[in-house]
Every structure is written in C-alpha cells, then in structure tokens.
Amino acid sequence: MTRKLYYEDLYAREFDAEILSCSEHDGRFHVVLNQTLFYPSGGGQPCDLGTIDGIDVLEVFEKGGEIVHVLASAPKIEHVLGVIDWSRRFELMQQHLGEHLFAGSLWNLSQIHTARMRIEGENVSIDTDTPADMSAILEAERAANEAVWADIPVEVIYPSIDEVKANARKLPPEDAELPIRIVKVEGVDYVPCCGVHVSSTGQVGLVKVTSVENHKGGSRIYLRCGRAAYMWVDSVHREVRKAEAELVCGYDGINDKIASLKNQIHSLKAENEATLERFLRPLAEDLVKGAENFGERRIVKYIAPSAGQEEVKHLFRLLTERREVVALLAGGNSEGAFLMFGTHKENKGVDVRPAFRRAMELLGGKGGGSPFCAQGWSTNAEGAEDALNTAISELKNSMK
Ligand SMILES: [Zn+2]
C-alpha cells in the first residue's frame, strides 16, 4: 500500500520517496512509490501532474491500494524527489470543494440529488437525477457563495456507518471500505468523498453556474469555481465591454439597444418590401407582356446585374403568382450572379431543375431546389446571359 501523503498535508508540494517497483508498459513506465503526494484520478477529480526525479508524470491512478505513476522514462535512482504541479492541484481543490458547496446547497434547499460530478479542464459538471429549475439552481449558487464568504473550515471525519446513513446527502456504495471518509462543511455539506479539497470554503473564492442542459431525465449543471470562475467572469466581461463600445452604452443598456436595433431592422425590412413592390410590380407586368410564348406557357428571362437577392426573390414571387409563367432570373453584383428559376407551385408539367443544373454547370456555381423553385450562386457574373439562353433551350426540350 502506498502511503497517501496528499491526505496528510493538503498543501505540501514536494516529497521524498523510495521506488518500490518500476515496470514498462507500451513504452511508458509504471512507478510505485512507498509514499506519494500525487492524487490519482478518482471520484470525478482528475489526477495530479508534476515530476518524479525530474521526469514528467503523465498520469496517476490507483490499483489495489497502490498508486501508479505513469512516467515517460524510468527514474535512474531509487530515492526520488516528487514535485506536484501546484497551480493545477490548487485549482482542482477549489473546483472540488466548490462542487460540494453547490451540490450540498441544492440538496439542502431543494432536495435535488446529485448523481454524478466531473471536473474537466475549467468546467465542473454535475448531473442531477431529477430536473433542477433555474430558480433552484440560482438559490443553490447563492447559498454556495454565502458559504464561501463565511469561510467555514473543511473537516474530514470517519464516523460510524449509522451516522453516515443518518446524515449524508449521498450514501456510499454497498461495498465501500469502512470507515467511510466523510467531507464535512458545517451547515452546508456532509458527503462521502475520497477527493482533496481546499481546507476552508473561503479559498474557493467564487462559485458560478455557467449553463444548464437537460440530461437523462435530470439536469446537467456546469459550474466554474475558484480561479476558473474568475477567468470565466473576466472573459465574459471582455465580451461585454466590446458590446458596450459597439453599442455606445453601459452593460445595463445592452438589451434595450439590441431590442431597438431589432425594431429598426424590422421596419427597414417592411419599408424595403414596400419599395420593391412599388417598382417591381409594373416591371413584372411588362416582363410577362414581352415574354416568349411556348405552348400555353410564357417564358420570362430577366437579367438585372445590380439586383440583390431580396429584389430577385421579390420579382420571382410576383412573376410566379401567374400560373402560365416560367421565370429564369439572374441578379447579382460585381462578385457574382444569383440565379433563380421557377414556376407556379401547381404547374405540374414543369420541372426547372434540369435547366437550372445546365446553367449552373456553365457558370461553375452551386445551388439546387425543387421542380418549381431552384436557386444558386456563381462567381461568374459575365456568363449569366449565355447560361440563361442555354437553360431556356434545355427547358423547352423538357417541356415538349
Ligand atoms: Zn468530493
């Protein structure tokens, strides 16, 4: 059994140890020491990293009471110095205790049970076994932060199994080794846990819920705690400052500004529609009058090199309101051409797709659609006239 120094002194960063065994596994070396400060992966907490004899520790896991350190190369001496990556460890301890404060509060205030927790990078996620609504989550967040401000000491105790059953928000597994290790924060949490945590709640600094999603009949709640919470707040604040500068307002005015911009866009769109209608309706009449007759159909070909997509689409709508019309339209700008081919929805005998594909082949563009409406874009604006003429021949063939 490896002596678990990480339970004896949470704040030690270096230790001496004897190598008990070292074996090679797929080019990596599994080193077992007589004692270690390296916390192995377990209970949702990632392992510590650092160095042993100056060699990087890649992974640490526990197997049958032994703590296995995975190293890139084998240590050359038997008496080694281990150094843990302290900033990583401290953050993990902040995250883990922050999770206890939140999960404990969620249980105390709303009887919502945490089935699983995981620390991954800067995120702590917890899965509840019943859905947690936003008000319960925010209440728990508030209570967790109040526990931080109260700077309560974290106790590790080994009570009787009856006491554990009477007090814990979560029961240990049936086959758990006795005595059960309980992590207790007076008035906030009492739970079986094998992890390492900062020694008082004040060191967590901040607990912030960042997002919530539905998960297997419960909720998955993402938290940031400690340094990770500060980093998150800082990055949100940077984005907010950019928005403030862009919108020329304070953070509390951002939503009003967005609402007013949305209103402006809405009325500009309506105005644009009305303008398009006013000048496109007479154009549509003229185009239909001057269109080529093909049996019962009238084929309208129209190229407007400076017309935007909205304009082409509006004209298309006006033309294809008439059952006899098949329209082949091209608009665009110096960067390319926008093509729109189609006919009335109930014009069953017409399929514009072969003609449209032919035009797109010629222009080297992309697009597609249904038998009565196909649209696409090509960067070849000059070729539009020829492409439309070829497409008309193709269309006539398909309508014979
Ligand atoms: Zn824990």
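**Helices, hairpins and an open sheet**

Biologist: At what angle do the axes of helix 2 and helix 3 cross?

Modeller: Helix 2 covers residues 86-110 and helix 3 covers residues 134-150. This is a predicted model, by the way. The two axes come within 8 Å, and their crossing angle is roughly 125°.

Biologist: Is that pair parallel, antiparallel, perpendicular or oblique, then?

Modeller: Perpendicular stops at 115 degrees and antiparallel needs over 145. Helix 2 and helix 3 cross at roughly 125°. That falls between the two cut-offs, so the pair is oblique.

Biologist: Does helix 2 pass helix 3 in a left-handed or a right-handed crossing?

Modeller: The angle alone, roughly 125°, leaves the hand to be settled separately. For helix 2 passing helix 3, the crossing is right-handed.

Biologist: Which class, nonpolar, polar or charged, has 10 residues in the contact of helix 2 with helix 3?

Modeller: From helix 2 the contact takes in Leu101, Phe102 and Leu106, among others, and helix 3 brings residues including Ala140, Ala144 and Val148. By class, three residues there are polar and two are charged. The class with 10 residues is nonpolar.

Biologist: Moving to the hairpins, which residue takes a positive phi in the turn between strand 2 and strand 3?

Modeller: Strand 2 (residues 14-25) and strand 3 (residues 28-33) run antiparallel, joined by six bridges, one of them pairing isoleucine 19 with leucine 33. Two residues sit between these strands. The one with a positive phi, about 50°, is aspartate 26.

Biologist: And which residue has the positive phi in the hairpin of strand 6 and strand 7?

Modeller: Strand 6 pairs with strand 7 (residues 66-71) over six bridges in the antiparallel sense, and valine 60 stands opposite histidine 69 there. The turn has two residues between the strands. Phi is positive, about 55°, at glycine 64.

Biologist: What about strand 5 and strand 6, which residue stands opposite threonine 51?

Modeller: Strand 5 (residues 50-52) and strand 6 (residues 55-63) run antiparallel with three bridges. Their hairpin has two residues between the strands, and aspartate 53 takes a positive phi near 55°. Opposite threonine 51 in strand 6 is aspartate 56.

Biologist: Strand 7 also pairs with strand 3, so which residue is the bridge partner of valine 32?

Modeller: Strand 3 and strand 7 run antiparallel and share four bridges. In strand 7, the partner of valine 32 is valine 68.

Biologist: Which strands stand at the edges of the open sheet of six strands?

Modeller: The order is 16-17-18-19-21-20, with mixed pairing. An edge strand has a single partner, so one side is left without a neighbour in the sheet. That describes strand 16 (292-294) and strand 20 (366-370).

Biologist: How many bridges join strand 18 to strand 19?

Modeller: Strand 18 spans residues 325-333 and strand 19 spans residues 336-343, running antiparallel. Alanine 330 stands opposite leucine 339 in this pair. The number of bridges joining the two strands is eight.

Biologist: Which helix packs on the sheet and touches strand 16, strand 17, strand 18 and strand 19?

Modeller: Helix 7 (residues 309-319) lies across strand 17, strand 18 and strand 19, at about 170° to strand 18. The helix you want covers residues 384-399 and makes about 165° with strand 17. Touching those four strands is helix 9.

Biologist: Last one: what distance separates the centres of domain 1 and domain 3?

Modeller: The domain assignment gives domain 1 as 3-84, domain 2 as 90-235 and domain 3 as 278-399. Taken over C-alpha atoms, the centres of domain 1 and domain 3 are separated by 71 Å.

Terms used:
Residues numbered from 1 in each chain as written. Predicted model: local features only at pLDDT ≥ 70, side-chain atom pairs only at ≥ 80, totals over all residues. Pairing = 2+ DSSP bridges. Axes fitted to C-alpha atoms, helices over the stretch in contact; angles between N-to-C directions. Parallel < 35°, antiparallel > 145°, perpendicular 65-115°, else oblique. Left-handed = near helix turned anticlockwise from the far one by under 90°. Contact = placed C-beta atoms within 7 Å. Nonpolar A, V, L, I, M, F, W, Y, C, P; charged D, E, K, R; others polar. Domains from an automatic or database assignment.
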